[in-house]
Amino acid sequence: MEKKLYLYNTATRQKDLFTPSGETVGLYCCGPTVYNYAHIGNLRTYIFEDVLKRALLSCGVTLKHVVNITDVGHLTSDADTGEDKMEKGAKREKKTVWEIAQHYTEKFKENIDDLNILDADLWPRATEHIGEMIGLVKALEEKGFTYRTADGIYFDTSKFPSYGDFAGIDAASLDAGMRVDMGEKKNPTDFALWKLSPPGVKRQMEWESPWGTGFPGWHIECSAMSIKYLGQPVDIHCGGADHIRVHHTNEIAQVEAATGKKYVNYWLHGEFLVVDKGKMAKSGNNFLTLDVIKEKGISPLAYRMFCFTAHYRSPLTFTMDGLQASAQSLKNLKKIIASQELMQSEGDPEKARELIAPFFDAVYDDLNVPRALSVVWEIAKDTAIDRAAKKSALQEMDTILGLDLFESGPDENILEFTSESGKKMRFISAGKIDEAAAGETAAKIEQRAQARREKDFATADRLRDEIAQSGIVVRDMPDGSTECVIREKRQ
């Protein structure tokens, strides 16, 4: 690897020059818990990991990329209490946990594809690696790092002196009563390696083990699968910033205690997507899915572009206005490229080398995509640059950005106006918007609202059906405005 790639390593708290440990670079990314749809905050992490992967490939490395599927063991609380999220999802939808896992795994992979995220080499499922997890717990037991309680086998963090180093926490000073319900735990930071099925309860997912019927703890899953497929040390392990304090801290403790070897060389973490000053989370009922964005007539790549407005280690505040601005920005960038007839011209990689240098300087400086994207705009707008050189430069830069800059795709159009009553309306379409038809629809929306106020529900229902038959989905927005997404007309 000749190119110098610097990455911010959570373990060292500084930018480190990335040096592979062997001929093949192992990249492990914590995957989804498939009990519900991934929200766009989750997907921001996978976008940053995709840029990392593309940067590594641009350096010429041979890469082995593993993303796990958590389909058992992830409880609703980091304190090893609460219900298994998969079992909870099954109850919610009145399906088997296996059906839940299959459905949401497929939906997650659709999201990945929509966002131009490169596919992983391996997608190991937790339920397919129970043997490896039991083996890792047995190794810890043999070395004296475990103890048993009424509900499972736990890791004794007091026997791993460096436990708090990674996250910078003082485990000894933690007040048990403030952090978790201790139960039979010896220390507030101790965590479950294997959970026993409650007496008299038949779970859909449970396995026999040396300690009794039960299921693995969430943390043991990633550890067992990462070292199975990537060995030790794993070159790079990624995840969200919320994994630092508990999940990744616990992974380090159990692997290094069991093997006596370093677990991971470089740890990378993406920051939160923020909504109303709080992180987007399913538990907070403030999450938005990619499908909702698509239903609004907005390209998933517009969300990818939106994520590039902030560095991956900085919180990013989400608003629909910000997303719309990114959609328009991507549209404008593609228009600039199309207007210069770059798609029809021949490229010249040799002439492009000098042009792309500032771009890759930014990318190799801890994936500084906002700075890199500014270089793209400068090159795209500069009409004095040789057309062949410009085409090759933009194409190579797009191998990192993944924005399909040279694919026209469906055009996204937005029509905004204020109705006679002063109500703001926004029409969104993948094609050209007929302003006269939009005006007629706006009038019907207002007529329906008036009919409902007058309790003329027959008229309101008729107008609703007419709007739906025209292929328009109407949504009332929190700010009082109305969005109308124009889709294909029903047959």
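# Exercises on helix packing and strand pairing

The axes of helix α4 (residues 130-142) and helix α6 (residues 218-230) come within 9 Å and cross at roughly 100 degrees. The model is predicted, and the exercises below work through this crossing and other parts of the fold.

**Exercise 1.** Classify the orientation of α4 against α6 and state which residues make the contact.

Solution. Step 1: the crossing angle is roughly 100 degrees. Step 2: angles of 65 to 115 degrees count as roughly perpendicular. Step 3: α4 is therefore roughly perpendicular to α6. Step 4: on the α4 side the contact is made by Glu132, Met133, Leu136 and Val137, and on the α6 side by Ile220, Glu221, Ser223, Ala224 and Lys228. Step 5: sorted by class, this contact of α4 with α6 holds 5 nonpolar, 1 polar and 3 charged residues.

**Exercise 2.** Carry out the analysis for helix α2 (residues 85-93) and helix α3 (residues 97-114).

Solution. Step 1: the two helices pack at an angle of about 95 degrees, and their axes are 8 Å apart. Step 2: that angle makes α2 roughly perpendicular to α3. Step 3: α2 contributes Met86, Glu87, Gly89, Ala90, Arg92 and Glu93 to the contact, while α3 contributes Val97, Ile100, Ala101 and Tyr104. Step 4: the class count for α2 with α3 is 6 nonpolar, 1 polar and 3 charged residues.

**Exercise 3.** Give the strand order of the open sheet of 4 strands, and identify its edge strands.

Solution. Step 1: the order is β4-β3-β9-β10, with parallel pairing. Step 2: β4 (62-67) and β10 (264-270) each pair on one side only, and these are the edge strands. Step 3: the average turn between neighbouring strands of this sheet is 20 degrees, direction ignored. Step 4: inside the sheet, β3 (residues 24-29) and β9 (residues 234-240) pair in the parallel sense over 3 bridges. Step 5: in this pair, Tyr28 stands opposite His237 in β9.

**Exercise 4.** Describe how helices α1 and α7 are placed against the strands.

Solution. Step 1: helix α1 (residues 40-58) packs on the sheet and touches β3, β4, β9 and β10. Step 2: the direction of α1 makes about 155 degrees with that of β9. Step 3: α7 lies across β9 and β10, and runs at about 155 degrees to β9.

**Exercise 5.** Compare the span of α7 with the expected value, and decide whether the helix is enclosed or open to its surroundings.

Solution. Step 1: α7 (residues 244-259) has 16 residues and reaches 21 Å from its first C-alpha to its last. Step 2: this is close to the 22 Å expected at 1.5 Å a residue. Step 3: 13 of the 16 residues of α7 are buried, so the helix is largely enclosed by the rest of the structure. Step 4: Gly260 follows α7 and has a positive phi, near 75 degrees.

**Exercise 6.** In which sense do strands β1 and β2 pair, and which residue of their hairpin takes a positive phi?

Solution. Step 1: β1 (residues 6-9) and β2 (residues 14-17) pair in the antiparallel sense over 4 bridges. Step 2: Tyr6 stands opposite Leu17 in β2. Step 3: the hairpin has 4 residues between the strands, and Arg13 takes a positive phi near 60 degrees.

**Exercise 7.** Summarise the protein as a whole by secondary structure, burial and contacts.

Solution. Step 1: the secondary structure comes to 15 helices and 17 strands. Step 2: of the 491 residues, 54% count as buried. Step 3: among contacts between residues at least 6 apart in sequence, 71% join residues at least 24 apart.

Methods: Residues are numbered from 1 along each chain as its sequence is written. This is a predicted model: local features need pLDDT of at least 70, side-chain atom pairs count only at pLDDT 80 or more; totals for chains, interfaces and linings use all residues. Side-chain values use heavy atoms; hydrogens and water are left out. Axes are lines fitted to C-alpha atoms, for helices over the stretch in contact, and angles run from 0 to 180 degrees between N-to-C directions. Angles under 35 degrees count as roughly parallel, over 145 as roughly antiparallel, 65 to 115 as roughly perpendicular and the rest as oblique. Contact means heavy atoms within 4.5 Å. Ala, Val, Leu, Ile, Met, Phe, Trp, Tyr, Cys and Pro count as nonpolar, Asp, Glu, Lys and Arg as charged, and the others, Gly among them, as polar. The expected span of a helix is 1.5 Å times one less than its number of residues. Buried means under 20% relative accessible area, exposed over 50%, partly exposed in between (1.4 Å probe, protein chains only). Two strands pair if DSSP finds at least two bridges between them.
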